[in-house]
Every structure is written in structure tokens, then in C-alpha cells.
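Reader: Could you walk me through the terms people use for a model like this one?

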Amino acid sequence: MKVLKFGAIWCSGCLIMKPRWAEIEKDLTWLKTQYYDADENPDLVEKYKITDYPCFIFLDKNDKEIHREYGEIEKNNLIQIINKHKDQ
Amino acid sequence: MFFVFLILFFFTNKVFANEPLNIKFFYGKGCPHCSQEEKFLKKLETEHQGKISIEKYEIYNNQENSNLFNQFIKQHNIQAAGVPLLIIGDDYILGYENENTTGAKINKTINLLLYGEQKEEDDNNSLYLNLFSKKIDLKSVSLPIATILIAFVDGFNPCAMWILIFLITMLINMKDRKKLYILGSVFIIISGFVYFIFLTAWFNFFKFIGYVYWIKIIIGIVAIISGILHIKNGLFSKGECHVTNATQRKNIIDRIKTTLGQKSFLLSILGISILAVSVNLIEVVCSAGLPAIYTNLLSNIHLSNTQYYSYLSLYVLIFMLDDLLIFFIAIKTFEITGISKKYTKVSSIFGGFIIFIIGIILILKPELLMFGS
């Protein structure tokens, strides 16, 4: 499983989520994540049809989208979602 | 000689008894509340034919009347005086809302002086709230509290916030503290000033048009919708940033980058000032609802100009609080911080509820929002 994180430097919610993800990535070293600045990656924004930020897209082993979250999410909730999909 | 005195005594007494009640009406040409009161007074003159005499004094264009007005406000020790002002005997009535509120008050005062009718205890205009078995008169919920609440909710409007976050992030990335202090301050001060001008324009618009029934209804409806949206936002929003006007946003980002890239510091300051004015003018459209509701509320209350503009300044200060907070944290830590949704949730729900109630009152019982003026 892989998580694509979309944000923008002007977005307050993205700033809130940055340290939360940093903590999760530190705890779950096996987790693969990738951050994309929405303004610099318009093609990916278009591909995934993202309308709000921050946006977190969970992909399976075949890069198929299995889950999506928007906005501020508590660290514990994110860990629950990750654990639910980790074997996919 | 004695008979002459006796006749004179009865004559003068008779004249005094029949003398109509003198009412002085101070007004200004072009003042909408004054013209409404003037119409009402005309009606009163017909109702109390011969029993009242109304003297009219226009004070905007007549210096002599203006002096007389000043003399009366000193004599009656009237604070924050303006027109319309009605002097009935030793009483005075400042301002005019409508026939049912100020009109009823004028009628009662006249009836008391003419026929000695006791004034009824005017309790109809009060709205009570039973909270923790304590009776709270909502009229005493003062204007400063309303100002702070509405401005606070307005301040968390995400439309304008992104520009400041972007600017501070860019300045931090440049690793230049001096630029962060000066350019950040210039942006915040000018943004506040532009918002103040914007509020002043709304305020003077409402002050100029005065009491117009359908405008009050429109503002009431705007307040109800705005209140519901804020409550909904507080309950269901996850703190996401919506992408609207992507092209406009890209233009602003490019302008910030160009401005910060200027070699001359003075040119950067100038560029940021122009940017602050222009982006805030664009962004004010996005948050027109709450300023319109607030300034409409304020325009219906009788205060002095200093008080009016102090309230508008207080509104701007509270409105800018979140920007100031982000800026001061950035100065202190040299890092950019966002304000989490959990802090704005309560203000959105509570503020939204207050704005919703204001909307209902504006439509059903607008006189309650005059805060006892």
C-alpha cells in the first residue's frame, strides 16, 4: 500500500497535517508515502480529480485507488485507516 | 386696578392652559430617519390638532439652528447627539426607527404631557433568556460582544487567509528575518486598513439609506443563510481548503513571487502594499455577508462618530486576530503554522447561531437590535 499526499503551501489544513504525517512516517517505517504540491503537479491533480486539500489517496500494490481522505484527520484515525488497508 | 389684575390673571392663565405643547424637531436635510420622523410628526399634528405645535430646525445648512441644537444638547446633557432629535418639554427623543417603536414613545410622551396619562412600563421590547435560572435581558447583551463575535467568525474566513500563509512561507523560505518582519507587517497593516475602508463604505451606505424595510429583510435573510452555513461548516467541515478560482490564485502567487524577487527592498515594500490592496479588494467580495450584517446593525444604533469608528476598528482588530497570531508565531519560531479546525469549530457553530438569531430578529422584531438606543 502507498499513500499519495496532496497539499498546497497556501492551505492551512495542509500545514496542520504535515507534522501528523511526519509522526506516522516515523512510527511506521514500512509505510510508503509521497507528497505532491498541487500547484506544481496539475497533471496529477487532474488525473485523480482532486477538488479540496489536503487530500490523501491510498493506493494498493497495483496502484489502484482503494481509499481517499480530505481535510484534517486525527493521527489515530489515519493509523486505523492505514492498518485496515496495509495488506492490500 | 384689582379687576384689571384679576382679568389679566385669568386671561394669562387661560392662554397658558390653551397654549399648545411646544415640540422642537431638529433634523438634517437628506437624513432618511429625519424625513420618516417628519412624516410621522405631520400625522401627530393632525391627530392632536391645536394641542401641539412643532417647530422645525434644519441643522445641516442653517448655522443659527445648528447653534440652537448645540445649546439644547448641552442643556439636556445629551451624549452622542445627532439628528433627528425631538425635544418635548423636559424630555428628548433621539433618533427614529419607525412608527411602532420610536413613534409609540413620542406618542406616549406627548399624551403624558397633554393629558397626564401614565407611561406604561415598556417591557414589550425586551427579550429575555432564561439561562441557569437567571433572567438575562438580551438587550443588555452589549454591542461590544456582538462586534467581537461577528468579527471573530468573519476572521476565520479561509478566503483571505491563504495569501498570508503563502506570503509568510515564501518569506521563511528566503531565510531573511528582516524581510519577514517588515513585509509581513506591511501586508497585515494594509490588509486591515483595506478591510476598515470596506466596512466604512458598507456602514455609510446603510447610514445614508437609513431604515428601508426591504433592505432589513434582505440583510435578515443573508444573516439566516450565513448563520446556517457557518453552523454547517462548524459541524461537518473537515478543514479542507476548497479550490476555487485557480487562475486567479495562480496570478496572485506569481505576483507574490515577482514582488519578493525584487532586488530593491523599497520596491518589495511597494509591491507588497499594492498586492495587499488589490488582493484584499478581491477577497472582500468573498466575505461580504458578515460585514453587511454587522454594519447594518451598527448603523441603526445612535452613537457618536468616534464610537462608530471605534467599533469598526474593534471589528477589524478581531477580524485580523488569526492573521496576527500566525504572523507572531512565524516571527517567534520562524515556521509557518496553520490554525486547526478544532479551534475554529466552536466559533463557527456558536457565531453561526448568533448570526442566525440576528437574522430572525432583523425580520421579526428589528427594534430589539437597537441595543437600547
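What follows is a set of questions and answers on that structure.

Author: First, some ground rules: this is a predicted model, where local features need pLDDT of at least 70, side-chain atom pairs count only at pLDDT 80 or more, and totals for chains, interfaces and linings use all residues. Residues are numbered from 1 along each chain as its sequence is written, while chains are lettered from A and ligands numbered from 1 in the order in which they are written.

Reader: Why is K49(A) called exposed?

Author: A residue is exposed if 12 or fewer other C-beta atoms lie within 10 Å of its own, buried if 20 or more do, and partly exposed in between, with C-beta atoms placed from the backbone. K49(A) has 7 C-beta neighbours inside 10 Å, so it counts as exposed. K49(A) also has a positive phi of about 50 degrees although it is not a glycine, and it sits in the loop between α2 (42-47) and β3 of chain A.

Reader: And D63(A), is it buried or exposed?

Author: D63(A) has 8 other C-beta atoms within 10 Å, so it is exposed. Its phi is positive too, about 60 degrees, although D63(A) is not a glycine. You'll find D63(A) in the loop between β4 and β5 (65-70) of chain A.

Reader: What makes a stretch a helix or a strand, and how many of each does chain A have?

Author: Both are DSSP runs numbered from the N terminus: helices are H or I with at least four residues, strands are E with at least two. Chain A comes to three helices and five strands, and along the sequence the pattern reads β-α-β-α-β-β-β-α.

Reader: How do you know that β3(A) pairs with β7 of chain B?

Author: Two strands pair if DSSP finds at least two bridges between them. Two bridges join β3(A) to β7(B) (residues 241-242), and the strands run antiparallel. One of the partners to look for is H242(B), opposite D52(A).

Reader: What makes β2 and β4 of chain B edge strands?

Author: Each of them, β2 (52-58) and β4 (91-94), pairs on one side only. They belong to an open sheet of four strands in chain B, in the order β2-β1-β3-β4, with mixed pairing. Inside that sheet, β1(B) (residues 21-27) and β2(B) pair in the parallel sense over seven bridges, and L21(B) stands opposite I52(B).

Reader: Which residues does L164(B) touch?

Author: Contact is counted if C-beta atoms, placed from the backbone, lie within 7 Å. Not counting residues up to four places away in sequence, L164(B) touches F187(B), D323(B) and I326(B).

Reader: Why is something called a nonpolar core?

Author: The name is for a set of buried Ala, Val, Leu, Ile, Met, Phe, Trp, Tyr and Cys residues joined through C-beta atoms within 7 Å. The largest one here has 44 residues, and those with the most contacts inside it include Y53(A), W162(B) and L164(B). Helix α6(B) gives the most to this core, with ten residues. A second, separate core of 30 residues includes W202(B), I219(B), L312(B) and I355(B).

Reader: Which residues does the cis peptide bond join?

Author: That bond joins Y53(A) and P54(A), with omega about -10 degrees. P54(A) lies in the loop between β3 and β4 of chain A.

Technical notes:
Contact = placed C-beta atoms within 7 Å.
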